[in-house]
Amino acid sequence: MSFNKKHLLGIQYLTKSEILTILDTAESLKEISKREVKKVPALRGKTIINLFFEPSTRTRSSFELAAKRLSADISSFSKASSSAVKGETLKDTVLNLEAMQTDALIIRHSASGTPHFLSTFCRSHVINAGDGTHEHPTQALLDAFTIREEKGKLKGLKVVIVGDILHSRVARSNMFLLNKMGVKVVLVGPPGLVPPQMARLGAQVDYNMDRAVQDADVIMMLRIQLERQQKNFFPSVREYRNLFSLTPKRFETARKNAIIMHPGPINRDIEISTQLADSLKSVILKQVENGIAIRMAVLYLLLGGKERDVTD
Amino acid sequence: MLLIKNGHVIDPHSGLDKKTDILIKNKKISDIKENISSVGKKSIDASDKIVAPGFIDMHVHLRDPGQEHKETIETGSKAAAKGGFTSIACMPNTVPVNDNSGTTEYIIAEAIKRASVNVFPIAAVSMGQKGELLTEMADLIKSGAIAFSDDGYPVSNSQLMRRCLEYARELNTLIIEHCEDLDLSSGGVMNEGYPSYLLGLQGIPDYSETVMVARNIILAEKTNSRLHLAHMSTKGSVELIKAAKNKGLKITSEVTPHHLFLDDSLLSDYDTNLKVNPPIRTKLDNKSLIEAVKQGIIDVFATDHAPHSPDEKEVEFNEAPFGINGLETAVSLILDKLVNKKIISLNRLVEMYSCNPAKILGLENKGKIEIGSDADLTIIDTEKEITVDVNTFQSKSRNNPFHSWKLKGSPVVTIVGGKVAYSSLKQNPSAE
């Protein structure tokens, strides 16, 4: 398998075959996490730094564990414990870290385009762990991996993404990926959060949740950030729940074996009913589990792991 | 005495459009005729060159006082001279804001000491540019303020806008307005549209400009005032200005080269040198603005020269300041993209870079080549090919998105008050 990208900046910069390479690699790496000794020497001697300028539970731990299971050395820091609070510029912070001979930098940042910015001056591989409202490529990859695992395919499915599409990097990355794979994507939410022009990114836009979920194979709910109400994107949580929450009644109209996804963290009983979130239809925790395999695959492919080091 | 020999003189104001000589004496133009003898005079050979009344950039940020790490009156005026400008009008968003005669007088005194070109301060409309209380306009005019603007910000309060237009009308001075609805643009960093959705950057809708253009036109009409609209960027604004002009209102406007020739699809790499306010819009807007230049709907080319230091621009896109450093590329861009491509005539270029800004700012002895007018001249070589290199800028800053562009046509000599402020010709003015 060949993978010639230096950085992982976003799904929009990957070809279909590169995406498939990552998914297939993740499939073969997934079983490592089920071994008694969950570790292979593929990236022994590689140094990776997790730069998290935004809070994160899942993504940060997932990248850390993925790196460790491949035997890379990884060090993580968050904004609060970095020199950013002393006014150091991001470029200076990163150049100082690179001086410690890093091989890869995994970055989560609130400003869109920050991984691009790093890639203009970094020697190390840059991996986007979520930038502003731009992209979250490993989330889309793990979502596609999970859908493929559950449905046996991607092409021809109907995926409905519901919520704050405008501000969602998860929605964008998913849209780009699913579009390349021949999946029909429908975006649903209040008009301000789903601008009609977003259809040009490769999706249908609908403002009626009841209509959109009909015949869906996958319903992907996004976290609704309560501060959006302050900016009048919707009038109240109550009204949002009435119009866009995934309830058992709405879910009934989807395809028989439809699955429910959510990138987390969830607002129980706001965007999704607790009953559904905890039901067998929900693959939310499988997404988290698969996240490790996807991030192992990304690190392995970018940092040039050897195939013989992952097989028994 | 300085003699400009054999140049093709273009002056739309007097209708001059022929090969002739120009003699300068005591900072004024003293003669215009063919075959003036060069004996005993310093002379410049302008054969195969265009000689035009000195170009005026009525929208420049010099950052002085207060932000001298970005630009100073000295470096900004040097950049202007190199760019072919003999006069510049500088915006009041300095530190402190130019809302008082002391700051206006400082700028004028500093310019006399160090500037390469004429510098005309524009004072603030409101104290501290806060949009609350009017500045002492009469006093500021006495100190040398040439016009008033809160540029960088709009005058959001419509009542204040009305009052300042009324007040300025009776002082016969000019208000220049930065048209932006701050609620619509709030948080935005680029034009709103497909590219902003693709990049995940918060958009500034084009109508955040257009709704304010509409409001301002209504207020100018109701107060029977003159009003100049800065850096127009949208098709919608062009349509409103066209209607206002057809109605006979005293509305003038300007456009920058970056709004004419750049569009939001270029932002795909998050280049902060393309981050500017108003943002670069769409190809459709480019087209409409160029058409407005052709048809005389827009009156002036201006740069909105906004220098920022490299450190300030080498940051996350959201963190970078808005602004493009434009003085040293503006004339070449119009020559290459509009004149040499036969979209507009040289005559129209000179109108928009010299005659019109002089008229709008009330600079009676500028913007024309007549006996007795100020000896400010811009000499152009329409055939000269250049490659833009920000490292050769006279400006202190480098934030120009046209770096490495190849352009045909360039200013070659800038004469300010009869003195050579800049020359790229091999020859030096020499006495025979």
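Start by selecting A:Arg211 and A:Asp206: their side chains form a salt bridge, with the closest N and O atoms 2.7 Å apart. Keep in mind that you're looking at a predicted model. The two partners sit in unlike surroundings: A:Arg211 is partly exposed at 48% relative accessibility, while A:Asp206 is buried at 12%.

Stay in chain A and pick A:Lys30 and A:Glu149. Here's another salt bridge, with 2.6 Å between the closest N and O atoms. This one ties together distant parts of the chain, 119 residues apart: A:Lys30 is in the loop between helix H1 (16-29) and strand E1 (47-52), and A:Glu149 is in helix H5 (residues 137-151). A:Lys30 is buried, with a relative accessible area of 14%, whereas A:Glu149 is partly exposed at 38%.

Now show both chains and colour the interface. On chain A, 22 residues are in contact with 14 residues of chain B. Together the chains bury about 1,500 Å², and 57% of that is on carbon and sulfur atoms. Select A:Ser112, A:Phe117 and A:Arg200 next; they supply 26% of the area chain A buries against chain B, more than any other three residues.

How many salt bridges does the rule find across this interface? Just one. To see that salt bridge, select B:Glu314 and A:Lys91, whose side chains meet at 2.6 Å, N to O. The interface also has seven residue pairs in polar contact, counting pairs with both residues at pLDDT 80 or more. For the chain A side, highlight helix H3 (90-98), helix H4 (114-119) and helix H6 (169-180), each of which supplies at least two of the touching residues. H4(A) gives the largest share, three residues. By type, that side of chain A divides into eight nonpolar, ten polar and four charged residues.

Over in chain B, go to B:Asp304, in the loop between strand E15 (300-301) and helix H11 (310-313). B:Asp304 is buried yet has no salt bridge; B:Arg63, the nearest side chain of opposite charge, is 7.1 Å away. What you will find is a polar contact of 3.0 Å to the side chain of B:His61. Show the neighbours too: B:Asp304 touches, among others, B:His59, B:Asp151, B:His231 and B:Asn277.

Last stop: B:Lys235 and B:Glu239, a salt bridge at 3.1 Å between the closest N and O atoms. Both lie in helix H8 (residues 235-246) of chain B, four residues apart, about one turn of the helix. B:Lys235 is partly exposed at 33% relative accessibility, and B:Glu239 is partly exposed at 46%. Then select B:Lys28, B:Lys366, B:Asp374 and B:Asp376, which salt bridges with shared partners join into one network.

Terms used:
Residues are numbered from 1 along each chain as its sequence is written. Chains are lettered from A and ligands numbered from 1 in the order in which they are written. This is a predicted model: local features need pLDDT of at least 70, side-chain atom pairs count only at pLDDT 80 or more; totals for chains, interfaces and linings use all residues. Side-chain values use heavy atoms; hydrogens and water are left out. Contact means heavy atoms within 4.5 Å. Buried area is the accessible area (1.4 Å probe) that two parts lose on being put together, summed over both. A salt bridge is a side-chain nitrogen of Lys or Arg within 4 Å of a carboxyl oxygen of Asp or Glu. A polar contact is a pair of N or O atoms within 3.5 Å; within protein, one must be able to donate a hydrogen and the other to accept it, and residues adjacent in sequence count only if both atoms are side-chain atoms. Ala, Val, Leu, Ile, Met, Phe, Trp, Tyr, Cys and Pro count as nonpolar, Asp, Glu, Lys and Arg as charged, and the others, Gly among them, as polar. Buried means under 20% relative accessible area, exposed over 50%, partly exposed in between (1.4 Å probe, protein chains only). Lys and Arg count as positive and Asp and Glu as negative; His and the chain ends are not counted. Lists of a residue's contacts leave out its neighbours within four places in sequence.
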